[in-house]
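Good morning, and thank you for joining this session. I would like to take you through one protein model, beginning with a single loop residue and ending with the chain as a whole. Please have the display in view.

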Amino acid sequence: MSDPVVSHPRTKRPSRRSLLAMALAVVASVAFVPTAAAAGPVDRPAQPGGAADRARTDGRAALASPGSVDRDRAGGAADMAEAIAGQRGISREAAEKLLSAENADVRLANQLTTELGASSGGAYLSDGNLVVTVTDAAAAAKVTAAGAKARIVERGERQLQSIQRALEAAPSEPNTTWAVDPATNQVVVSLPASGAKNAGQRSAARKFGAAVRFETSAGQIQPNVGISSGDSLGGCSAGFTATDYTFNYIITAGHCTQGYPHWTLPNGQDVGPSLESNYPEDDYGLIWMNGPSVWATGVINLWNNTSRSIHGWATAVSGMSVCNSGKTTGFRCGTVLKTNVTVNGAGGTVRQMVETNICTLGGDSGGPLFASNTAYGLNSHANRVGSQCNSSPRTWHQPVGEAITAYQVVIYGAP
């Protein structure tokens with residue numbers, strides 16, 4: 001079901017060319033620039049000043065007019081299908097079937113892991129199948145009855161998360177990550193190829209035996225903030241537009257909104273102020289769209305003259321296909337490698353990240369991670385080498401559900 005379209009009232013309607021430029025400038029993944037710097041986050045006011053969206057009087061925000069965005073192909077999945085088909089060497093029809101099946105499996109995985117609680121060891125996609133790991137036969141029966149594959153494992157996800165927290169307490173250094181891997185029922189510790197404190201991590205892991213696995217990583221893990229001309233610390237990407245049914249917002253990375261009280265577009269148009277910044281630990285922030293000539297569209301710019309409508313959000317599952325959009329690398333797709341990852345990067349530690357193999361660079365921070373019409377995350381960190389992607393790219397994304405829950409908003413255009 002496509003988003004309803006309501007015309008945005010204007011005293012003088014702009015041309016299609018200027019309307020398109022304005023609308024695409026505030027959808028997900030367009031560049032936006034801070035107008036001034038300040039120390040520390042900005043608190044969200046209880047009642048932000050300015051007028052509410054005048055286009056609707058029923059409490060729901062209005063979408064942009066029909067001419068403001070390019071077409072949304074085949075329910076929003078066609079461009080992703082093309083990217084996945086080319087990446088995996090399969091037909092477009094096969095890619096579309098794959099993405100449809102994955103979308104259903106991810107939602108079932110979200111449901112089952114929540115219902116199973118302590119009996120769940122986590123879920124992942126493998127060879128086109130949803131696998132849910134469990135710690136007992138009763139839980140396995142529930143998984144099978146729901147239509148997924150059950151696999152009994154030794155350790156539940158909560159036990160693995162407890163081990164993960166214990167390892168985080170040991171001495172560490174930047175470029176180190178910890179994650180629960182449901183496929184192997186282990187905590188995976190990724191360490192830089194050389195580092196004085198690696199021995200401390202290995203020593204801490206000994207008492208957990210086979211529950212911990214070590215990997216070696218390369219590249220520097222850095223926030224994807226870009227440096228642009230005339231901007232000392234600017235150049236992020238917008239994530240998802242959101243609404244509380246009175247005002248409209250942009251959800252982006254917290255390390256982008258932190259220290260920047262007000263935002264404008266590169267052409268000088270006013271966007272609005274930063275209201276929240278959660279970073280480090282988490283990495284999400286909120287911008288209030290109160291500029292006089294910008295408004296939410298509920299779509300993502302794919303940087304190929306097409307856009308994608310977003311209808312809601314879900315929690316990512318290892319093995320699923322996803323795409324990222326950002327002002328530096330544009331529209332790229334890949335696979336979720338891990339979830340619930342702790343990333344010890346140059347800007348501090350962030351937790352519960354989604355790890356993918358999508359190449360992202362400086363300036364992509366805050367951009368959306370999505371699949372079909374579903375939001376999953378916000379671009380946060382990458383293991384890049386300066387301004388180049390690592391030979392084995394890894395990018396970490398903040399789960400968008402945390403921001404939506406914390407800020408009590410909904411994805412703009414969600415039914």
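Let us begin at N290, which lies in the loop between β14 and β15 (299-301). Helices (H or I, at least four residues) and strands (E, at least two) are DSSP runs, numbered from the N terminus. What you see is a predicted model, in which local features need pLDDT of at least 70 and side-chain atom pairs count only at pLDDT 80 or more, while totals for chains, interfaces and linings use all residues. Residues are numbered from 1 along each chain as its sequence is written, and side-chain values use heavy atoms, with hydrogens and water left out.

Is N290 buried or exposed, or does it fall in between? N290 counts as partly exposed because its relative accessibility is 33%; buried means under 20% relative accessible area, exposed over 50%, and partly exposed in between, with a 1.4 Å probe and protein chains only. Which residues does N290 touch, not counting those up to four places away in sequence? They are D270, V271, G272 and P273, where contact means heavy atoms within 4.5 Å. N290 and F247 are 43 residues apart in sequence, and their C-alpha atoms are 8.0 Å apart in space.

A second loop residue is V385, placed between β22 (374-382) and β23 (395-399). Leaving aside neighbours within four places in sequence, V385 is in contact with G219 and N390. The C-alpha atoms of V385 and G219 are separated by 5.5 Å, although their positions lie 166 residues apart along the chain.

I turn now to the salt bridges. How many does a search of the whole structure find? The search finds eleven, a salt bridge being a side-chain nitrogen of Lys or Arg within 4 Å of a carboxyl oxygen of Asp or Glu.

Please look at R351. E168 forms a salt bridge with R351, with the closest N and O atoms 2.3 Å apart. This pair links distant parts of the chain: E168 belongs to helix α5 (residues 157-168) and R351 to strand β20 (residues 348-356), 183 residues apart. E168 is buried, because its relative accessible area is 19%, whereas R351, with 27%, is partly exposed. E281 also forms a salt bridge with R351, and here the closest N and O atoms are 2.6 Å apart. Again the pair links distant parts of the chain, 70 residues apart, with E281 in the loop between β13 (270-278) and β14 (284-288). E281 has 39% relative accessibility, so it counts as partly exposed.

Another pair joins sequence neighbours: the side chains of E154 and R155 meet in a salt bridge at 3.3 Å, N to O. E154 counts as exposed, because its relative accessibility is 64%; R155, at 10%, counts as buried. There is also a network of salt bridges that links D181, R213, E215, K338, E355 and R394.

Next, a sheet. Three strands form an open sheet with mixed pairing, in the order β2-β3-β4; two strands pair if DSSP finds at least two bridges between them. β2 (120-126) and β4 (149-152) are the edge strands, each pairing on one side only. Strand β3 (residues 129-134) runs parallel to β4, and four bridges join the two. Within β4, I152 is the bridge partner of V134. Helix α4 (residues 137-145) packs on the sheet and touches β3 and β4, its direction making about 165° with that of β4. For such angles, axes are lines fitted to C-alpha atoms, for helices over the stretch in contact, and angles run from 0 to 180 degrees between N-to-C directions.

What of the interior? The largest nonpolar core has 56 residues, and L130, V132, F240, I251, M320 and Y376 have the most contacts inside it. Such a core is a set of buried Ala, Val, Leu, Ile, Met, Phe, Trp, Tyr and Cys residues joined through side-chain atoms within 4.5 Å. Helix α3 (residues 92-116) supplies the largest share of this core, seven residues.

Finally, the whole chain. The protein has eight helices and 24 strands, and buried residues make up 56% of its 415 residues. Among contacts between residues at least 6 apart in sequence, 67% join residues at least 24 apart.
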